[in-house]
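Work through the exercises below with the sequence and the model side by side, trying each task before reading its solution.

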Amino acid sequence: MADFLSMYSIQHWLESCPQGYLAGTAYGHGPDEREPALVLENDLLREQAIGATVQLVVGERCALAASSGLVNAAPDEASKRFLATQTLDEARHVEIFSQRLLDLGVKKGEMEDTIREHANPNLVRFAEVLLEKVDRKDFVAGVVGQNIVLEGMAFSVFEMMQAAMQEVNPKFAHTLSGTIADERRHVGFGENRIGSLIAEHPEKKPEIERMQKEMSYWMLATFADRFRNLSAREEIRKLRSELSGYGSAPAKWQGADLSALEPAEMERLLADTVLKEFKTRLGRIGIEYQTPARP
């Protein structure tokens, strides 16, 4: 375990993250990069961007509360130190996505009202299931919920959004690139560290499997709300096609061109990708994946 955890030391984090892929950035992107003018000028695109960004803030606030809450529940010093770096990563994510809301024109004094107005209730419930485990200082269930389920979902969502934004909004795509690198490290820790603890505490498996099934359901319900209730869908699609860079290259993710998919197809692709990853990663740590109900 000691050799494995050396890969997650504070020194390694300093060299790879703030001195590595984040060097020279401001709020995760190039200092001179800005949101596309059309997004800022068009009420429909701006509102749609605010709604999507609020979900990222809600998810990252949950991750911040979970990682900080798990520090004192960790059974060894090396895990505590890794979780301290993860706590700073999650705080950074909250900050950069909150900054994007400001960049999109949300006033500082209206930030909390905007988040309350747009936060998806299914995502809030998803967070509550995890934070119940963290509040009980349940380290094993907390790390599975945080570093496998929450971070696994975030990893795929960020990757998909980054692919969609690469040509039309390089500022936001670059912001997402750093978070993807962070999430990859977090998922790796969860997968590598928790397997041995599951083997030591097999009695915890049923509870963790129920948690994964419940969190997965609320995640799918969040996706369903997002993709099925998109008002003015055709108008948004038309406006996006007017963004600079649109169509200059296929928005490829998981072998599909995102710009050519209908919302239902995008929902299915995202859900299937995340659930497949859950199944693979949970199998590696000795947890049997539980198929959630489909909303």
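**Exercise 1: Thr175 and His93**

Thr175 is found in helix H9 (residues 170-200), where helices are DSSP runs of H or I with at least four residues, strands are runs of E with at least two, and both are numbered from the N terminus. This is a predicted model, in which local features need pLDDT of at least 70, side-chain atom pairs count only at pLDDT 80 or more, and totals for chains, interfaces and linings use all residues. Residues are numbered from 1 along each chain as its sequence is written, and side-chain values use heavy atoms, with hydrogens and water left out.

Task: decide whether Thr175 is buried or exposed, and find which residues His93 touches.

Step 1. Thr175 counts as buried because its relative accessibility is 5%; buried means under 20% relative accessible area, exposed over 50%, and partly exposed in between (1.4 Å probe, protein chains only).

Step 2. His93 lies in helix H5 (residues 77-103) and is also buried, at a relative accessible area of 0%.

Step 3. Leaving out residues up to four places away in sequence, His93 touches Glu60, Thr179, Asp182, Glu183 and His186, contact being heavy atoms within 4.5 Å.

**Exercise 2: The cysteines**

Task: state how many disulfides a search of the whole structure finds.

Step 1. A disulfide is a pair of cysteine sulfur atoms within 2.5 Å, and the search of the whole structure finds zero.

Step 2. Cys17 is nevertheless buried, at 1% relative accessibility, and Cys62 is buried at 4%.
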